[in-house]
Amino acid sequence: MQYDAPVSLNSVVPQIVEKLQELCVQYNLGAEKIVTEWVAFASTHKGVQMTLDSLDQLDRERLTKKGSKTPKTPARTNTIKQEYYDINTIQGGMDENEAENLYNAYSTTPSSKKGTNQQKRQLTPDNPPLKRFTNNVRSPMVPFSPASFSPAGATPSRKFSSRTNAGQVVAHFGVTDNTKWQGHGQTSSIQLYDEEYKLTTSFKYMFQKLVDKAHVLNDTIDYMAEKLQSHYQIEELSHVAVPMQEPVTVAGRICCDANGKMNAKSVLLEGSRDTSMGKCIPVDLAELKQFSLFPGQLVAMDGINNTGQKLVVKKLYEGVAQSLPEINVKTEPGSDKLSVLIAAGPFSTSDNLSYEPLNELTKNISKDKPDVCILLGPFVDMKNEVIEKGNCKMSYDTIFNEQLKFIGTITKSVGCQVIVVPSYRDVHHDYVYPQPPFDVKMPDFKHMHMMSDPCTVSINNIVFGITSTDILMHLGAEEISWNPPTSTDRLGRLAQHLITQHSYYPLYPPSDEVNIDYEALDTYGTLPVTPHVLILPSDLKQFIKELHGSFCINPGRVAKGQIGGSYARMMINVNDVETQSSVVQHTAAQVLRV
């Protein structure tokens with residue numbers, strides 16, 4: 001049989017060759033097989049020419065149907081006699097070796113019996129998790145907890161009223177010896193940094209479609225790939241799974257090949273739909289001298305993919321920090337300094353709802369009289385023992401409103417502006433991230449500003465990035481690293497990921513504690529710029545650090561268990577700050593015990 005020539009050599013363009021390569025990779029076809037499929041397709045479509053549209057039609061009409069067919073199960077021959085067992089004869093039908101192998105597949109300790117040394121193959125073949133670090137959530141727990149970074153001497157059994165370290169300085173930055181922390185009594189200008197992307201009201205969540213979520217995750221890969229390509233002057237980004245004999249540069253999202261904790265041998269790279277058809281490929285990190293990776297991280301890699309089955313990485317591009325904000329510096333009298341107090345909940349000890357730590361905090365507010373006070377939730381903590389046991393005699397909204405009025409009365413008397421940010425641990429508020437601001441009507445307290453979590457706020461032209469979610473703890477439980485540049489400063493490295501990934505929550509999949517709406521996260525959860533001040537409250541050790549020109553601070557919690565926690569205060573010389581410059585050199589800060 002003779003067919004009309006379906007395509008001429010002169011009409012072949014690079015895009016058609018790339019499309020044929022993608023079809024070969026997708027359906028595991030060789031060159032001869034794809035030619036056979038095209039000839040068969042062309043014989044049923046007279047006069048068809050090889051174009052991108054006709055190849056898509058070939059994919060839909062022939063290749064997709066062939067790839068979805070289930071192979072037929074070969075017919076069994078009845079050569080084995082069927083036997084039936086009862087409770088008295090079941091032992092005679094058991095194969096001892098098969099039984100041992102079955103037991104070993106479900107046990108954590110291999111059988112010591114001879115001849116049964118085969119173990120179940122692990123997808124993530126690093127050291128197996130210890131039982132004492134394993135819990136019932138998605139990832140095995142690792143020895144990375146608040147206790148491992150908590151200051152020495154914090155004894156959980158010590159009652160709040162018997163504490164002896166109130167006012168002790170836990171961390172400091174800049175010249176703090178002769179600093180006067182009192183505010184100057186001026187009315188500070190507080191507004192959202194980007195009014196176009198502001199979350200001001202509640203929205204419907206738990207209606208997220210998988211296809212919409214997939215679009216958002218794919219768009220974030222394309223966004224960061226463009227930033228990396230521009231910053232590092234990468235000429236072209238290649239398909240992650242197409243075999244290539246020369247080095248290529250690819251971009252995508254870091255993933256794990258299983259549901260456990262990621263390690264160096266279980267790392268996958270997921271490409272975008274535009275460049276890689278959404279394909280994933282294992283990566284070999286053995287030739288890298290240093291790296292710091294976590295699931296969800298957006299990176300670019302130089303490497304070689306000879307077989308299309310694994311990418312051997314030669315160089316890693318981990319992220320790009322954005323520029324600092326452009327500001328209009330004000331020089332009005334009395335506005336040369338800005339005093340800020342920062343405190344994160346819970347504001348009551350875990351065994352009651354008396355809010356003693358909050359009372360002590362308001363005494364410090366009355367003493368220092370800061371210009372702005374930033375309070376982050378939780379205000380009514382779902383992890384409080386009284387709430388967990390259902391022994392609360394008042395409604396959660398009533399408790400919150402009473403404490404908010406108490407805060408409003410104290411701060412109004414000292415002329416202090418207040419920013420209130422919710423937490424996903426607030427039992428009375430929407431359990432979603434990003435989280436809308438509290439919906440409260442307080443006409444007598446117009447100095448109180450309700451903001452969303454997260455939010456980017458401009459205070460007297462100083463840009464603050466704020467989130468109450470413990471992203472540092474969540475990242476620390478999932479991150480893997482090898483000889484990183486900041487090997488002695490893990491907390492700083494974790495905070496740096498937010499700046500280089502342009503997101504308040506770059507981890508994917510997220511922690512089981514957080515309910516993320518990815519369409520809202522794409523709109524309200526991104527960092528528009530590198531903020532002057534980045535506030536990241538965490539159960540980990542308190543710190544104050546300079547990262548990419550940003551002043552990063554973890555003020556700790558006002559209450560930790562049944563003892564007092566900590567809060568932070570800072571003084572910024574506003575007029576010394578120039579546009580697109582850091583405030584670090586013009587700031588003094590302390591973290592103190594409550």
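Below, a student and a tutor discuss how the terms apply to this predicted model.

Student: What does the model's status require?
Tutor: Local features need pLDDT of at least 70, side-chain atom pairs count only at pLDDT 80 or more, and totals for chains, interfaces and linings use all residues. Residues are numbered from 1 along each chain as its sequence is written, and side-chain values use heavy atoms, leaving out hydrogens and water.

Student: Why are H11 and H12 called roughly perpendicular?
Tutor: Helices H11 (residues 471–478) and H12 (residues 490–501) pack at about 105 degrees, with axes 10 Å apart. Axes are lines fitted to C-alpha atoms, for helices over the stretch in contact, and angles run from 0 to 180 degrees between N-to-C directions. Under 35 degrees counts as roughly parallel, over 145 as roughly antiparallel, 65 to 115 as roughly perpendicular, and the rest as oblique. H11 is therefore roughly perpendicular to H12.

Student: Which residues make the contact of H11 with H12?
Tutor: H11 gives Ile471, Leu472, Leu475 and Gly476; H12 gives Arg490, Leu494, Ala495, His497 and Leu498. Contact means heavy atoms within 4.5 Å.

Student: What makes a residue of that contact nonpolar, polar or charged?
Tutor: Ala, Val, Leu, Ile, Met, Phe, Trp, Tyr, Cys and Pro count as nonpolar, Asp, Glu, Lys and Arg as charged, and the others, Gly among them, as polar. The contact of H11 with H12 thus has six nonpolar, two polar and one charged residues.

Student: How do you know which strands pair in the barrel?
Tutor: Two strands pair if DSSP finds at least two bridges between them. Strands (E, at least two residues) and helices (H or I, at least four) are DSSP runs, numbered from the N terminus. S5 (residues 280–284) and S8 (residues 311–317) run parallel and are joined by two bridges. Val283 has Leu311 of S8 as its bridge partner. S3 and S7 run antiparallel with seven bridges, and Ala251 is partnered by Ala300 in S7. S3 and S4 are antiparallel over four bridges; Ile254 is partnered by Leu269 in S4.

Student: What is the strand order of the barrel?
Tutor: Five strands close in the order S3-S4-S5-S8-S7, with mixed pairing. The twist averages 55 degrees from one strand to the next. H6 lies across S3, S4, S7 and S8, at about 75 degrees to S7.

Student: What makes S1 and S12 edge strands?
Tutor: S1 (169–173) and S12 (448–450) each pair on one side only. They belong to an open sheet of seven strands, ordered S1-S22-S21-S9-S10-S11-S12. Within this sheet the twist averages 15 degrees from one strand to the next. S10 and S11 run parallel over five bridges, with Ile374 opposite Ile419 in S11. Helix H10 (residues 396–413) touches S10, S11 and S12.

Student: Why is a space called a pocket, not a cavity?
Tutor: On a 1 Å grid over the protein atoms alone, a cavity is a set of points where a 1.4 Å probe fits but cannot get out, whereas a pocket is an open set with protein on both sides within 12 Å along at least five of seven lines. Lining residues have an atom within 4 Å of a point.

Student: What lines the second largest pocket?
Tutor: The lining has 36 residues, with His502, Leu521, Asp522, Thr526 and Leu527 nearest the centre. H6 gives the most, six residues. By class there are 21 nonpolar, 10 polar and five charged residues.
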